[in-house]
Amino acid sequence: MNKVIHRTRIGTFNCRTLRTADKVSELAYKFSKHGIGLLGIQEHRIVHPETVKRTQVGPDSILLTSTAWRNSMGASVGGVGILMGTNASKLIVETRVVSNRILAVTFAGNPKLTLVTVYSPTEGAEFDEVEQFHNELREYLHEVPAHNLLIVCGDFNARLGWEGTSSGWYYHRTTSRNGVLLKETMEETNLEATNIRFRKKKSRLWTFLSDGTQRKATLDYI
């Protein structure tokens with residue numbers, strides 16, 4: 001008997017907003033076109049009263065979101081979610097809003113899959129705010145059963161550099177302040193950044209392009 005292997009593509013995407021119908025339609029189309037199974041979403045900027053909102057965004061795609069929040073000027077910012085196929089949505093056994101920046105969903109399977117999507121404060125944020133984000137993330141990750149397949153994805157607003165390392169492929173030479181905290185989180189929870197695990201051309205290592213300076217960086221990780 002031949003063994004059936006089912007592969008699921010998992011990704012992460014800072015969409016910057018999903019507040020308009022055309023942005024939602026475009027995301028649903030790309031999700032289906034590229035055969036993605038699960039997609040972590042950051043900065044959807046949708047404020048809603050529900051703890052977790054379930055939205056049908058395509059013929060066969062469901063978006064789960066925790067609410068965005070409003071800044072001091074009243075503008076909606078942040079917000080995380082997970083885009084998935086309808087069949088995947090039927091396998092959900094637990095949804096957990098760890099914080100307004102961290103959403104975790106566990107799916108039935110053997111083993112179960114726990115997917116965590118995150119949106120970290122930027123390098124310009126106060127250190128205490130970034131540290132609190134990582135403390136909340138670490139605390140939750142320690143609660144995930146050891147036999148679960150655990151995947152954390154999202155916009156960590158962190159640069160990991162190759163200084164002092166003997167393996168991996170990095171876009172950056174040096175590690176930023178947020179990168180140091182990310183490294184500490186990975187070490188404490190026994191995780192690795194798969195971005196740097198496989199050899200790729202440098203043109204395929206960056207994940208972010210600045211609107212103003214057109215500067216490239218790797219800020220998003222799985």
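The legends below describe several close-up views of a predicted model.

**View 1. Strand β9 and its two faces.** Strand β9 covers residues 102-107, and 6 of its 6 residues are buried, so this strand is largely enclosed by the rest of the structure. In a regular strand the side chains alternate between the two faces of the sheet. On one side of β9 are Ile102, Ala104 and Thr106, on the other are Leu103, Val105 and Phe107, and all of these residues are buried, which leaves both faces of the strand covered.

**View 2. The hairpin of β8 and β9.** Strand β8, made of residues 92-99, pairs with β9 in the antiparallel sense, and 6 bridges hold the pairing. The two strands form a hairpin, with 2 residues between them. One pair to look for in this view is Thr95 and its bridge partner in β9, Val105, a residue that is itself buried.

**View 3. The hairpin of β9 and β10.** On moving along the chain from β9, the reader comes to a hairpin that β9 forms with β10, and here 5 residues lie between the strands. The pairing of β9 with β10 is antiparallel and extends over 6 bridges. Ile102 stands opposite Val118 in β10, while the bridge partner of Leu103 in β10 is Thr117.

**View 4. Strand β10, covered on both sides.** Strand β10 runs through residues 113-119 and is mostly covered, with 7 of its 7 residues buried. Leu113, Leu115, Thr117 and Tyr119 point one way from the strand, whereas Thr114, Val116 and Val118 point the other way, and every one of these residues is buried.

**View 5. From β10 to β11 by way of a helix.** Strand β11, which comprises residues 149-155, runs parallel to β10, and 7 bridges join the two. Between these strands the chain passes through helix α3, residues 127-143, in a β-α-β crossover that is right-handed. Within the pairing, Thr114 of β10 stands opposite Leu150 in β11.

**View 6. The largest pocket.** The largest pocket holds about 1,300 Å³ of space and has a lining of 42 residues, among which Thr12, Phe13, Asn14, Thr207 and Asp220 lie nearest its centre. Several elements supply at least two residues each to this lining, including the strands β1 (9-14) and β2 (36-42) and the helix α1 (21-33), together with β12 (208-209) and β14 (220-221). The most is given by β1, which contributes 6 residues to the lining of the largest pocket. By residue class, the lining of this pocket divides into 17 nonpolar, 10 polar and 15 charged residues.

**View 7. The second largest pocket.** About 520 Å³ of space lies in the second largest pocket. Its lining consists of 20 residues, and those closest to its centre are His6, Arg7, Thr8, Leu38 and Leu113; of these, Leu113 has already appeared as a buried residue of β10. Two or more residues of this lining come from each of β1, β2, α2 (86-89) and β11, and β2 gives the most, with 3 residues. The lining of the second largest pocket divides into 11 nonpolar, 6 polar and 3 charged residues.

**View 8. The surroundings of His48.** His48 is found in the loop between β2 and β3 (53-58). With a relative accessibility of 6%, His48 counts as buried, because buried is defined as under 20%. A polar atom of the His48 side chain lies 2.9 Å from the backbone oxygen of Glu50, and the side chains of His48 and Thr65 are joined by a polar contact of 3.0 Å.

**View 9. The cavity.** The structure holds 1 cavity of 30 Å³ or more, and the space in the largest cavity is about 60 Å³. The residues that line the largest cavity are Leu160, Trp169, Tyr170, Tyr171, His172, Asn195, Ile196, Leu205, Thr218 and Tyr221. In this lining 7 residues are nonpolar and 3 are polar, and no charged residue is present.

Note on methods
Residues numbered from 1 in each chain as written. Predicted model: local features only at pLDDT ≥ 70, side-chain atom pairs only at ≥ 80, totals over all residues. Heavy atoms only, no water. Buried < 20%, exposed > 50% of the residue type's maximum accessible area, 1.4 Å probe, protein only. Helix = DSSP H or I, 4+ residues; strand = E, 2+ residues; numbered from the N terminus. Pairing = 2+ DSSP bridges. Right-handed = clockwise from strand over helix to strand, strands pointing away. 1 Å grid on protein atoms, 1.4 Å probe; cavity = no way out; pocket = protein on both sides within 12 Å on 5 of 7 lines; lining within 4 Å. Points joined across faces, edges and corners; volume = space filled by probe spheres on them. Nonpolar A, V, L, I, M, F, W, Y, C, P; charged D, E, K, R; others polar. Polar contact = N/O pair within 3.5 Å; in protein donor to acceptor, adjacent residues only side chain to side chain.
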